[in-house]
Amino acid sequence: MIRLIKERIFTFFNEGHERTILTKKNIAASFAIKGLTILISLILVPLTINYVNPERNGIWLTIYSMVLWLNLFDVGLGNGMKNKLAEAKAKGENELAKKYVSSTYAIVGGICLIVFIVFCFINPQLDWIKMLGSGASIEPYRREISGLIWISMVAFCITFVFNLLKSVLIADQHPAISSFLDMLGQLFTLMGIFFLLKTTSPSLIYLGLVTGFAPIIVYVVASIYFFHTKYRDWRPSFGQVDFKLAKNMLNLGVKFFISTVAVIMVNQMIPFLILRITTSSEVTSFNVALRLFSFVFNIIVIVIIPYWSSFTDAYTKKDFLWMKVSITYLQRLFWGFLICQALLLFFAPVIYQVWINRWIAESDNIITIPFLMSLSVCLYICATCWMSIFMHPLNGIGKIKLQVYSSMFEMILFIPFALFLGHYWGAPGIVLTPVIIYIPRMIWTPVQLHQLISQKATGIWNK
């Protein structure tokens, strides 16, 4: 019996198209790694709340989401490099690949330096308490907020550059390694917060130091290692920087940039708007629900991510049959995901109690999450999962002009809709806003991908 199981496992991982075999191995490795990441993430939520309290935790989550807006300064270069690097690898053009990597690192590093210098000049003029809203409730934390802003900015600028290693790994169809590095960053963060809980009083500054710099250590060490071993031929070099290639990446990258603006505005504006309209504790409630309903989605993402570069490779080689089979498999996976989400929604009150509240040391920190908040977050994650199934392959193919138009439409609608629904339904209304404005995208993404795979795409569907 054991021998039969071993033979079937061996057959599963060694039969099929070379691209499919690599995808299977990446998915299997990512499942083990992501399982640990999810477990660590689940432990981090009550541990962090217990260390700083729900109010501080809400402030930290909001500032963290605001700092992530600075990802817009990437101007899509990371994703542009990912696609161009995958194409160069498929064609065996290592010298061109090295130039793409070197040019991207140089440009992103320059952007980081400029952003930090500008921040140093404008930060003293900003009143973060007024910007964050809920003034009276967060005023006692003014000094901590000021320190957290500086720490978050420095950490972001360093992360901004070294995170490019993720794009290199995914372009080389090794997303499992990227997931492993993220897991290590989370593990070091968990260890750091546990140490803070046992040795220091609650502090946003200490929390920012641990959460900001633990992942940086991992990616700095990993970058040094990989660019001196596996990716020695692609190692960034000033002598290989070619700003003419930046134009090629930007032609595609600017399209990704507009789409990224929309994603960041929607995802990262939610905590900010919740804080302004309600309280920082509501941000914590939203984050707890988000972690719960993202549980299964994070597992699905393990399967989806490898298909970005796999579709780049398949489309370059015109392997349309493989693409058709792959997207059918991903759609079937989604229906199983919906069943899991329905079960989580039904058992959510029990899960919150066991997962969060039983570990809270002080009764004042107990979290209460209304059903409407759970439902809103559940629908939000379901919509995101459905779109991801089609957006990753479309991004890999590079036909994203329709996505650009859709992103612009969503950016225009998001804030007015969020403020309107937030006024009547509070935080759940804000969370429901993306579900509403994403409806057109949920319809056209499967249509466009089907057109491309069937080789019937014309006009806007083929751009």
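Helices here are DSSP runs of H or I with at least four residues, numbered from the N terminus. By that rule, Ser 41 lies in helix H2 (residues 18-52). The structure is a predicted model, in which local features need pLDDT of at least 70 and side-chain atom pairs count only at pLDDT 80 or more, while totals for chains, interfaces and linings use all residues. Residues are numbered from 1 along each chain as its sequence is written, and side-chain values use heavy atoms, with hydrogens and water left out.

Ser 41 has a relative accessible area of 13% and is therefore buried (under 20% relative accessible area, with a 1.4 Å probe and protein chains only). Apart from neighbours within four places in sequence, Ser 41 is in contact (heavy atoms within 4.5 Å) with Gln 186 and Arg 291.

The largest nonpolar core, a set of buried Ala, Val, Leu, Ile, Met, Phe, Trp, Tyr and Cys residues joined through side-chain atoms within 4.5 Å, has 128 residues, of which Ile 145, Leu 165, Phe 293, Phe 337 and Tyr 352 touch the most other members. Helix H16 (residues 371-397) gives the most to this core, with 15 residues. Leaving out residues up to four places away in sequence, Leu 165 touches several residues, among them Tyr 105, Leu 181, Tyr 219 and Phe 226.

Two residues other than glycine with positive phi are listed below; exposed stands for over 50% relative accessible area.

| Residue | Phi | Place | Relative accessibility |
|---|---|---|---|
| Lys 318 | near 60° | loop between helix H14 (306-316) and helix H15 (320-355) | 61%, exposed |
| Gln 455 | near 60° | segment after helix H19 (439-453) | 59%, exposed |

Conventions
Helix = DSSP H or I, 4+ residues; strand = E, 2+ residues; numbered from the N terminus.
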